Amino acid sequence: MTIREYKKAESLEEAWQLNQKKPNRVLGGMIWLKMEKINVGTAIDLSGLGLDTIEETDEGFSIGAMVTLRQLELHPGLAAYTDGAVRESVRHIVGVQLRNLATVGGSIYSRFGFSDVLTMFLALNASVELYKGGIVPLAEYAQRPYDRDILVRVIVPKEDAKFCYQSVRNSQTDIPVLTCAAAKNAAGEYRFAIGARPGKAVLYTLPADAGETPELTSARFAASIRSRIKTESNMRGSAEYRNHLAGVLVKRAVKQLG
Amino acid sequence: MQINLILNGTKVSVDVAADTLLLDLVRSQGCASVKRGCETSNCGLCTVFLEDKPVLSCSVLAARADGKRVTTLEGLQEEAAEFGAFIADQGAEQCGFCNPGFIMNALALFREKESPTEEEIKEYLSGNLCRCSGYEGQLRGILNFLAWKKQKQEAAE
């Protein structure tokens, strides 16, 4: 990667204007961008816009695009609300030094297939706030093609729900073979986000049947998701193995969420 | 572009290109302890403190360090020597190339957690790769260092 000019944006409008030109790029933590073979015209830095805080209210969390993965990992409010699931979703990502750089905005905007962050936030029913595009549900944003809007914040609503996060990795800090974030709300409805298929995470919503035993529920969910999920093979695992893992992780999630 | 930073306690004003990486900047300023080990933001060898937080200097633009404090192993000689002796006692490393980055991140751990558990040590240092060892020597060295520090503290009380 080469960069011709560096600009610390003084406003979101300025960042957006700069980002309309094709060779220009917004910087997140620069982890993946650095490894791309590209010539960037102007690198747009959002780090002077106060987007590096997590705000918690009774309604939810507002997470600035420049918040680092390490901030997510250490935030007591997020840990309490998700029963440690957010911490679990990021703690395997390479190392502390990388997580002190990598940003929520960079992870969510990039919508990488292997993204633990995307998987987690899908299950949290999050939305993204775009400078021009307004608030968009993450499940919809995840499917959109890359555009030139600026991702400002990620919004997590508080609901009466429980969460858990699991990933399978060939070694502790590698990219995952499969990710699974799950939620169960007060109405007994379950959500499962499954990523690293290796395609990007997809979200499934399944209603529980009150007359069913937990064992039957977990078996039914696992079978349902295994029949619907599209997995593929790569160097980390085969499509068949991933399909099998999806069933295992869904069952474990149901067991954990009760 | 001209940037100003505080490198190991000293004000530095340098002219950098838009895509100069912090790693190359600190090395050009004589901080040869900072190593480039992988080019894929994975090995931890280039660890420096940016505003007291450990970061991969290979993945930070020098421009982003403008107005900030940067600390490398060169600026932490006393602390590093004290802890490093315990790693040396174990003969933990062979080539030593990963040592400066490892010591930097270990010092960051000790600043965050006074008495980390073995699990916490492994988790915090999992982003520091060493290709000669199996990490067992380093772990023993860390545990001995922590025990020694605790003893010293208790003796002082």
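How far apart do the C-alpha centres of domain 1 and domain 2 of chain B lie? They lie 22 Å apart. Keep in mind as we go that this is a predicted model. Let's start with chain B as a whole, work into its sheet and its domains, and then move over to chain A.

Chain B has 5 helices and 5 strands. Walking from the N terminus, you meet them in the order β-β-α-β-β-β-α-α-α-α. Put a box around the C-alpha atoms along the principal axes and you get roughly 50 × 40 × 25 Å. What about the radius of gyration? A compact globule of 157 residues would come out near 15 Å, and chain B has 16 Å, so the two agree. Of those 157 residues, 41% count as buried. Take the contacts in chain B between residues at least 6 apart in sequence: 61% of them join residues at least 24 apart.

Now for the sheet. The 5 strands of chain B line up as β2-β1-β5-β3-β4 in an open sheet with mixed pairing. At the edges stand β2 (10–15) and β4 (53–56) of chain B; each has a single partner strand, so one side of each is left without a neighbour in the sheet. From one strand to the next, the twist averages 40°. Have a look at the β4(B) end: β3(B), residues 47–50, runs antiparallel to β4(B), and 4 bridges join them. If you want a residue pair to find your way by, Leu50(B) sits opposite Lys53(B) in β4(B). Helix α3 of chain B, residues 99–112, packs on this sheet and touches β3 and β4 of chain B. The direction of α3(B) makes about 40° with that of β3(B).

That brings us back to the domains. Domain 1 of chain B covers 2–75, and domain 2 covers 77–155. Across the boundary, 13 residues of domain 1 of chain B are in contact with 12 residues of domain 2 of chain B. Which element gives the most to the domain 1 side of chain B? The answer is β3(B), with 3 residues. The residues on that domain 1 side divide into 8 nonpolar, 4 polar and 1 charged.

One residue of chain B deserves a stop of its own. Leu125(B) belongs to the loop between α4 (118–124) and α5 (136–156) of chain B. Is Leu125(B) buried or exposed? With 23 other C-beta atoms within 10 Å, Leu125(B) is buried, because the cut-off for buried is 20 or more. Leaving aside residues up to four places away in sequence, Leu125(B) touches Asn105(B), Ala106(B) and Leu109(B). As for Glu78(B), 47 residues separate Glu78(B) from Leu125(B) in sequence, and their C-alpha atoms are 21 Å apart in space.

Over in chain A, there is an open sheet of 3 strands in the order β1-β3-β2, and the pairing is parallel. The edge strands, β1 and β2 (25–27) of chain A, each pair on one side only. The twist here averages 35° from one strand to the next. Between β1(A) and β3(A), which run parallel, there are 6 bridges. In that region, Glu5(A) stands opposite Thr42(A) in β3(A). Helix α1 of chain A, residues 12–19, lies across β1, β2 and β3 of chain A and runs at about 170° to β3(A).

Chain A also has antiparallel pairings to look at. Strand β4(A), residues 54–56, runs antiparallel to β5(A), residues 60–64, with 3 bridges joining them. A hairpin of 3 residues makes the connection between β4(A) and β5(A), and Ile54(A) stands opposite Ile63(A) in β5(A). Strand β5(A) is also joined by 5 bridges to β8(A), residues 151–157, again antiparallel. There, Phe61(A) has Val156(A) as its bridge partner in β8(A).

Finally, put the two chains together. Here 24 residues of chain A are in contact with 23 residues of chain B. On the chain A side, β1 (2–8), β3 (39–45) and α5 (96–99) each supply at least two residues. The most comes from β1(A), with 5 residues. By type, the chain A side divides into 11 nonpolar, 8 polar and 5 charged residues.

Technical notes: Residues numbered from 1 in each chain as written. Chains lettered and ligands numbered in written order. Predicted model: local features only at pLDDT ≥ 70, side-chain atom pairs only at ≥ 80, totals over all residues. Pairing = 2+ DSSP bridges. Axes fitted to C-alpha atoms, helices over the stretch in contact; angles between N-to-C directions. Contact = placed C-beta atoms within 7 Å. Nonpolar A, V, L, I, M, F, W, Y, C, P; charged D, E, K, R; others polar. Domains from an automatic or database assignment. Rg over C-alpha atoms; globule rule 2.2 N^0.38 Å. Buried ≥ 20, exposed ≤ 12 C-beta atoms within 10 Å, placed from the backbone.
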